Amino acid sequence: FRVVSARNGQDGLALAKKDKPDIILLDIIMGGWDGYETCYRIKQDDDLVKIPILFLSALGDTENKVRAFKAGGVDYVSKPFQKDELLARVETQLELAYLRQNLEREVANQTEKIQLLFEALKLSYDKAQQASILKTEFLRNISHEFRTPMNIVLGMTETLIEDTELTEEQRDYADTVMQAGKRLMDILTNMLNFSQQFKGELKEVISDFHIHGVIDDVLKELSAATEGVQISTEIAPSLYAPLRGNQEDISKVLSKLLDNAIKFTHQGEIVIEVQPIEADDDRRWVRFEIRDTGIGIAKNKQAHLFDIFFQIDGSSTRAYEGLGMGLAVAKMFTENMGGEIGVESIKNRGSTFWFNVPLEQDF
């Protein structure tokens, strides 16, 4: 280290402005300003505010430590101090400061979508940001642009499967890579959706569409996962006419609910039913139901089913993968359309997930 010393707070502030140190070690009892006043004045300077300040004082009582942290200090070492401890604390704070600077530079260079993702995740992280270097590393790592490489992985794997002569064993390996890649991309998409919701940037895109066409597209997308499960569709005759509404969000909600039903239905059937319903307001409402004969959900688990990251079985030995985001995303898109979503389920007998949304059509 190159150490620059000052005899009092006034001189210390002047030297800090001149040399821009990486870290400041600050006593409390000094001539002129005391340590608290000196720290406060340093933190008022825009050029110095991010420099970590480590208090080093013989005042070892809790009250003075609390005052030091409130003044803006990042750590507190009591005198007489141990050299090794002091050096370790200094190195830790320098590393944290370096990581924060790195994180800010990297975030500034990311795409708009990754910036949204970072801000949403940072909200849940801020409370524990100072507790662990690992959490700082986590935020830095997820700031990287990874949609592009994931798209390359998926695209090249698809080309490998469709356009290359493979042995049966090689095809199994490639299919496994494709499935894992799609799961990762789905997780990323869910996270970006939540970040867009936080920023208030989920927009309604209104267009004309046919319900049976939307359902067909969703079933095609999920066709690889439907083996062994019978899926049927029941659409009211009046709903075969063109409708007007948020086709994209309806498709996303159907996909999440149907994927969930397929995941938990090992045998039997899944029925997609769409019916017009009456409402008390001037809007025309349509009800979508996805009924399955799967494992069902216990009554005491249903209240939090649409909460983000909620999992019925949160143990490390659970039988079903996932982060508990799919149903929360479905609720988010349903409410974005001005609709409502819910579930009716009986353990070991099956579930019915439903959502009601307003659409335009003369019934």
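Helix 2 passes helix 3 in a right-handed crossing, the near helix being turned clockwise from the far one by less than a right angle. Helices here are DSSP runs (H or I, at least four residues), numbered from the N terminus. The model is predicted; local features need pLDDT of at least 70, side-chain atom pairs count only at pLDDT 80 or more, and totals for chains, interfaces and linings use all residues. Residues are numbered from 1 along each chain as its sequence is written, and side-chain values use heavy atoms, without hydrogens or water.

Helix 2 spans residues 35-43 and helix 3 residues 62-71. Their axes, lines fitted to C-alpha atoms over the stretch in contact, lie 9 Å apart at an angle of about 15°. The two helices are therefore roughly parallel (angles under 35 degrees). Tyr36, Cys39, Tyr40 and Lys43 of helix 2 meet Asn64, Arg67, Ala68 and Ala71 of helix 3, with contact meaning heavy atoms within 4.5 Å. These residues divide into 5 nonpolar, 1 polar and 2 charged. Ala, Val, Leu, Ile, Met, Phe, Trp, Tyr, Cys and Pro count as nonpolar, Asp, Glu, Lys and Arg as charged, and the others, Gly among them, as polar.

Helix 10 (residues 247-263) packs differently against helix 11 (residues 326-336): the angle is about 155°, with the axes 9 Å apart. Helix 10 and helix 11 are therefore roughly antiparallel (over 145 degrees). Residues of helix 10 in this contact include Val253, Leu257 and Asn260; those of helix 11 include Leu327, Ala330 and Phe333. By class, the contact has 6 nonpolar, 4 polar and 3 charged residues. Val253, Leu257 and Asn260 are among the buried residues of helix 10 (under 20% relative accessible area, 1.4 Å probe, protein chains only).

Key
Axes are lines fitted to C-alpha atoms, for helices over the stretch in contact, and angles run from 0 to 180 degrees between N-to-C directions. Angles under 35 degrees count as roughly parallel, over 145 as roughly antiparallel, 65 to 115 as roughly perpendicular and the rest as oblique. The expected span of a helix is 1.5 Å times one less than its number of residues. Buried means under 20% relative accessible area, exposed over 50%, partly exposed in between (1.4 Å probe, protein chains only).
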